[in-house]
Amino acid sequence: MRLTRYFLPVLKENPAEAQIVSHRYMLRAGMIKQQAAGIYSWLPLGLRVLRRIETIVNEEQERAGHIPLLMPTLQPADLWRESGRYDDYGQEMLRITDRQKRELLYGPTNEEMVTDIFRSHVNSYKDLPLTLYHIQWKFRDEMRPRFGVMRGREFLMKDGYNFDIDKEAALHAYNRHMVSYLRTYERMGLTAIPMRAASGPIGGDNTHEFLVLAQTGESEVFYDDRVTALKLGAREIDYDDRAAVADVCREFTTLYARTDETHDGAVFEAVPEAHRKVGRGIEVGQIFYFGTKYSEAMGALVVNDKGERVPVEMGSHGIGVSRLLGAIIEASHDDKGIIWPEGVTPFPVGIVNLKQGDAAADAACEGLYKALAAKGLEALYDDRDERAGAKFATMDLIGLPWRITVGPRGLANGVVEVTSRRTGESVEMTPDAAVARIAEIYAGV
Ligand code: 5CA
C-alpha cells in the first residue's frame with residue numbers, strides 16, 4: 001500500500017474524550033471513528049488489525065477442532081423467552097420491533113440461537129462431540145460505554161458453544177477452549193492469565209476469565225506473579241488427548257489468580273509474600289461450563305448409547321475480538337505511539353523514502369516494495385512528499401514493528417536502514433538483505 005493512495009486520517013492533537021492510551025492512539029492513528037456512544041466505524045488501518053485478530057482466532061479454533069458458522073445479529077425474542085432470559089437480561093438488551101410488530105433483539109450473545117440450531121438437527125450421541133462458533137457483532141446497551149473499543153455497546157466477539165454427551169466430555173471441551181485461548185493470546189503477543197471468575201448472566205459454576213495485566217484494566221486482580229512467567233510456546237497439543245489437555249490447564253490454573261469476584265483472602269495469604277500481587281486487568285475472554293441449563297429449558301435432547309433421551313451438556317466460550325485491539329495497545333506502546341506485535345500488525349513493515357522525487361531513492365523504494373510483495377509481505381510505503389521527521393512520527397504512531405528507511409546518502413554506499421520499532425535499534429544493510437531480514441522475521445509468525 002502506498003500512503004498517498006491510502007486512507008489514514010492521522011490526528012495531530014490528542015482527542016480530549018480519550019482517557020486511556022489505547023483509545024487515544026486508536027483515534028490518533030486513524031483506526032476508528034466514534035459514530036454514537038460505544039459505536040464505532042472501523043477505518044482501514046483499524047480494520048486490518050481487526051482482521052488479523054480474527055484470522056488468529058479462526059486458525060486456533062479450527063486447530064482445536066471447532067467448527068465455524070455464522071448466526072445473525074438480530075434474534076427473535078421468543079427464543080429468549082424459552083430460556084427465561086428475555087426478561088432477565090434487563091436494560092442491557094436492545095429490543096426492536098419490526099413492521100409486523102414482531103419482537104426482535106440485537107444479540108448480546110447466542111446460547112439460545114445455537115441451542116435452537118442444535119435441537120433442529122442433532123438427535124444422537126453419535127454426532128457428538130460438536131463445537132460451533134462464530135465471530136459476530138454483539139450489542140449490549142452498557143450503562144457506561146467507555147475507553148473506546150474496550151467497553152463498547154456494539155462490539156465484535158468470538159463465541160463458541162460445545163455440545164457433549166456427558167459432563168466429562170463437556171469439561172474436556174472447556175479445557176480445549178482454555179488451551180486454544182492461551183495459544184491465541186500468545187500469538188497476539190499477549191500474556192492473558194486464566195483467572196477463576198463469576199459467571200453472571202451466562203450461568204454455570206465453572207468459569208475462567210482471561211486477563212491481560214494493565215493499570216487501566218476494569219477488573220481488580222489478585223495473583224501469584226509466577227503465573228505471568230508461564231508460556232505455552234510452540235509445544236504441540238493433541239486436542240483429542242483429554243489427559244494432556246487437562247495437564248496444560250492444571251499448569252496454568254494451579255497458582256493463585258482470581259478476580260475480585262472470587263478472591264479469597266485466606267487462600268491468598270498462603271502465597272509467599274514476595275509473589276503476592278494485587279493489580280488490574282483487562283478481560284479479553286471468558287469460558288463457561290453450564291451443563292444442561294439451556295438444553296433442558298429448550299428441549300435440546302440427544303439419545304445416549306443406552307437409548308435414553310438426555311439433555312445435551314453445554315458450555316460457551318467468548319473472546320473479545322474488538323476489545324483485544326485496545327488490550328494489545330495498552331500492553332504494547334510508548335510515548336510515540338503503538339508498537340504492534342508481529343502477529344497482529346496492520347502491515348508487516350513500513351518503507352520511508354527520505355527524499356521523494358530523488359530518482360535513486362524512488363527506484364530503491366519501488367524495488368523494496370515489489371521484492372517484499374513477492375515474498376507475501378505487504379509494505380506500507382510512505383511515498384508522500386513530506387519531511388523525514390513527519391514520516392517518522394507517522395510510522396512511530398501507527399506502530400509497524402519494522403521500518404526500512406531509504407535515502408540518497410545510504411544508497412550512495414549501497415545500503416538502507418532496518419529499524420525495530422520496539423528497541424529503536426537500526427542496522428544498515430543492502431536492500432536485498434533488508435528484504436531477507438524482514439522475510440525471516442515473519443517466517444515464523
Ligand atoms: N456467551 C458468553 C461466552 S461466548 C459470553 O457472552 N461471555 S462474555 O460476556 O464474557 O463476553 C465474552 C467477551 O466479550 C468478554 O470476555 C470481553 O472480552 C468481551 N466483551 C464483553 N462485553 C464487551 C463490551 N461491552 N465491549 C467490548 N468487549 C466486550
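In this predicted model, a polar side-chain atom of R140 is found 2.8 Å from an oxygen atom of the ligand. Two further polar approaches involve nitrogen atoms of the ligand. For T109, an N or O atom of the side chain lies 2.7 Å from a ligand nitrogen, and for R323 a polar side-chain atom is 3.5 Å from a nitrogen atom of the ligand. On its own, the ligand has 590 Å² of accessible area, and the protein covers 96% of it.

The setting of these contacts is worth a look. The ligand occupies the largest pocket, where 22 residues surround it. Those that come nearest are T109, E111, R140, G152 and E283. By residue class, the shell around the ligand is made up of 7 nonpolar, 8 polar and 7 charged residues. At least two shell residues are supplied by each of three strands, namely β8 (154–164), β13 (276–291) and β16 (313–320). Of the contributions to the shell, that of β13 is the largest, at 5 residues.

Turning to the aromatic side chains, the whole structure contains 12 aromatic pairs. One that can be inspected readily is formed by Y181 and Y185, whose ring centres are 6.1 Å apart. The planes of Y181 and Y185 meet at 80°, above the 60 degrees beyond which a pair counts as edge-to-face, so this pair is classed as edge-to-face. Both tyrosines belong to helix α6 (residues 167–187), and because they are 4 residues apart there, about one helical turn separates them.

Two features of the backbone also invite a closer view. Most peptide bonds are trans, and most residues other than glycine have a negative phi. The peptide bond from L128 to P129, however, is cis, with omega near 0°. P129 itself is located in the loop that links α5 (111–121) and β7 (130–139). The second feature concerns K101, which is not a glycine and yet has a positive phi of about 65°. K101 is likewise a loop residue, placed between β5 (94–97) and β6 (103–106).

Key: Residues are numbered from 1 along each chain as its sequence is written. This is a predicted model: local features need pLDDT of at least 70, side-chain atom pairs count only at pLDDT 80 or more; totals for chains, interfaces and linings use all residues. Side-chain values use heavy atoms; hydrogens and water are left out. A residue is near a molecule or strand if one of its heavy atoms lies within 4 Å of it. A polar contact is a pair of N or O atoms within 3.5 Å; within protein, one must be able to donate a hydrogen and the other to accept it, and residues adjacent in sequence count only if both atoms are side-chain atoms. Accessible areas come from the Shrake-Rupley method with a 1.4 Å probe; for residues, only the protein chains shown count as cover. On a 1 Å grid over the protein atoms alone, a cavity is a set of points where a 1.4 Å probe fits but cannot get out, and a pocket is an open set with protein on both sides within 12 Å along at least five of seven lines; lining residues have an atom within 4 Å of a point. A molecule sits in a cavity or pocket if more than half of its atoms lie within 2 Å of its grid points. Ala, Val, Leu, Ile, Met, Phe, Trp, Tyr, Cys and Pro count as nonpolar, Asp, Glu, Lys and Arg as charged, and the others, Gly among them, as polar. Rings of Phe, Tyr and Trp (its six-membered ring) pair if their centres lie within 6.5 Å; planes under 30 degrees apart count as stacked, over 60 as edge-to-face and the rest as tilted.
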